[in-house]
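Biologist: I'm new to reading protein models. Could you pull one up so we can go through it together?

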Amino acid sequence: MPSSVRTIALPSGEAIPVLGQGTWKMGEDSRRRAGEVDALKLGIDLGITLIDTAEMYASGGAEEVVAEATAGRRAEVFLVSKVLPSNASRAGVQRACENSLKRLRTDRIDLYLLHWPGSVPLSETVEAFEALKKAGKIRHWGVSNFDTEEMEELAGLPEGGNVQTNQVLYNLVRRGLEFDLAPWSRKRGIPLMAYSPVEQGALARNARLDAVAARHHATAAQVALAWVMHQDGVVAIPKASSQEHVRQNFAALDIALTGEDLADLDRAFPPPTRKRGLEMI
């Protein structure tokens with residue numbers, strides 16, 4: 001992994017890049033497939049070796065795109081996928097994981113997440129994850145879209161302490177989790193994995209970022225992404241469907257936000273002053 005890609009440690013001690021590659025909405029249109037594969041391949045070349053996907057994305061189509069992009073390079077990649085809450089029973093997790101492994105054309109998933117809380121008892125899902133670990137089908141497990149109360153419930157389970165991450169919606173206009181979830185997670189050394197760090201492109205067009213972007217000869221999107229990666233214990237997983245977009249995301253790693261920048265961004269996008277429900281899209 002190139003030294004220009006910073007890393008943070010999972011609770012297991014394993015290092016992962018602070019910048020990953022998201023795949024939401026990939027695999028939905030066969031006409032875009034070649035470009036999506038090429039974008040992911042370039043990201044791997046640059047050292048953006050964490051790739052996030054899910055069984056839900058394009059009903060497995062995104063996992064198939066990832067399989068094509070990682071063919072012959074599986075050992076270079078830290079692969080994240082997610083199971084739907086409707087598949088979170090003991091038998092359902094086993095079946096869903098096997099299906100994801102087939103689509104991904106691999107024998108293991110590095111980090112397997114529960115996509116959001118559901119009706120299946122959390123203890124049952126954790127037991128299923130632990131069984132997959134013992135079988136060598138997954139290396140680590142985590143959750144997604146869990147608020148503080150749900151993380152507390154998880155922490156209280158016998159094997160709940162094995163959680164490695166919580167993937168959440170987090171960016172400059174979605175800062176609510178800073179009130180309690182982020183401090184709770186930092187205290188326990190559980191990284192947050194930020195999806196939609198540029199608010200699905202909306203922050204790329206936000207004039208409140210222009211002054212900071214100008215100081216760094218960067219784009220508004222790059223500043224928004226750099227801000228997420230600046231946060232302690234946070235990994236950003238933006239999607240990029242073109243090679244040029246991948247290069248722009250990669251360049252955001254070189255933006256060192258100053259105290260002045262951060263103060264300006266706090267004024268433009270104020271942090272929360274009270275508890276808010278966890279947002280998700």
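Modeller: Sure! One term before we start: two residues are in contact when they have heavy atoms within 4.5 Å. Also keep in mind that this is a predicted model.

Biologist: Got it. Leaving out residues up to four places away in sequence, which residues does Ala213 touch?

Modeller: Ala213 sits in helix 7, residues 210-215. Its relative accessible area is 4%, and buried means under 20%, so Ala213 counts as buried. Leaving out residues up to four places away in sequence, the residues touching Ala213 are Ala218, Thr219, Ala220 and Val223.

Biologist: And how far is Ala213 from Ile138, C-alpha to C-alpha?

Modeller: Along the chain, Ala213 and Ile138 are 75 residues apart. In space, the separation of their C-alpha atoms is 40 Å.

Biologist: Let's try helix 1. What does helix 1 reach from its first C-alpha to its last?

Modeller: Helix 1 covers residues 33-46, which is 14 residues. At 1.5 Å a residue, you'd expect 20 Å. The model comes close to that, with a reach of 20 Å.

Biologist: Which elements do the buried residues of helix 1 pack against?

Modeller: The buried residues here are Glu36, Val37, Ala39, Leu40, Leu42, Gly43, Ile44 and Leu46. As a bit of background, an α-helix has 3.6 residues a turn, so residues three or four places apart point the same way. The buried residues of helix 1 pack against strand 3 (21-22), strand 4 (50-52), helix 2 (61-70) and helix 9 (243-251).

Biologist: Is Gly35 buried, partly exposed or exposed?

Modeller: Gly35 belongs to helix 1 too, but it isn't in the under-20% range that counts as buried. Exposed would need over 50%, and Gly35 has a relative accessible area of 30%, so it falls in between: partly exposed.

Biologist: Helix 2 next. How many of the 10 residues of helix 2 are buried?

Modeller: Among the buried ones are Gly61, Ala62, Val65 and Thr70. They pack against helix 1, strand 4, strand 5 and helix 3. Helix 2 is largely enclosed by the rest of the structure, because the number of its 10 residues that are buried is 8.

Biologist: Now the rings! What kind of aromatic pair do Tyr112 and Phe129 form?

Modeller: A search of the whole structure turns up 3 aromatic pairs. In the pair of Tyr112 and Phe129, the centres are 5.7 Å apart and the planes make an angle of 65 degrees. Planes over 60 degrees apart count as edge-to-face, so this pair is edge-to-face.

Biologist: Which parts does that pair of Tyr112 and Phe129 tie together?

Modeller: Tyr112 is buried with a relative accessible area of 0%, and Phe129 is buried with 1%. Ring pairs also link these two with Trp141 into a cluster. Since the two residues lie in different elements 17 residues apart in sequence, the parts tied together are strand 6 (residues 109-114) and helix 4 (residues 122-135).

Biologist: What covers the buried residues of helix 4?

Modeller: Phe129 is one of the buried residues of helix 4, and others include Leu122, Val126 and Leu132. Their cover includes strand 5 (78-83), helix 3 (90-104), strand 6, strand 7 (138-144) and helix 5 (148-155).

Biologist: What phi does Asn145 have, and where is Asn145 found?

Modeller: Most residues other than glycine have a negative phi, and most peptide bonds are trans. Asn145 is not a glycine, yet its phi is positive, about 60 degrees. It counts as buried at 6% relative accessibility. So that's a phi of about 60 degrees, in the loop between strand 7 and helix 5.

Biologist: Last one: which helix gives the largest share of the lining of the largest pocket?

Modeller: The largest pocket has a volume of about 510 Å³. Its lining has 30 residues, with Trp24, Ser196, Gln200, Ile237 and Lys239 nearest the centre. By class, that lining is 14 nonpolar, 12 polar and 4 charged residues. The largest share is 3 residues, and it comes from helix 9.

Technical notes: Residues numbered from 1 in each chain as written. Predicted model: local features only at pLDDT ≥ 70, side-chain atom pairs only at ≥ 80, totals over all residues. Heavy atoms only, no water. Helix = DSSP H or I, 4+ residues; strand = E, 2+ residues; numbered from the N terminus. Expected span 1.5 Å × (residues − 1). Buried < 20%, exposed > 50% of the residue type's maximum accessible area, 1.4 Å probe, protein only. 1 Å grid on protein atoms, 1.4 Å probe; cavity = no way out; pocket = protein on both sides within 12 Å on 5 of 7 lines; lining within 4 Å. Points joined across faces, edges and corners; volume = space filled by probe spheres on them. Nonpolar A, V, L, I, M, F, W, Y, C, P; charged D, E, K, R; others polar. Phe/Tyr/Trp six-rings, centres within 6.5 Å; stacked < 30°, edge-to-face > 60°.
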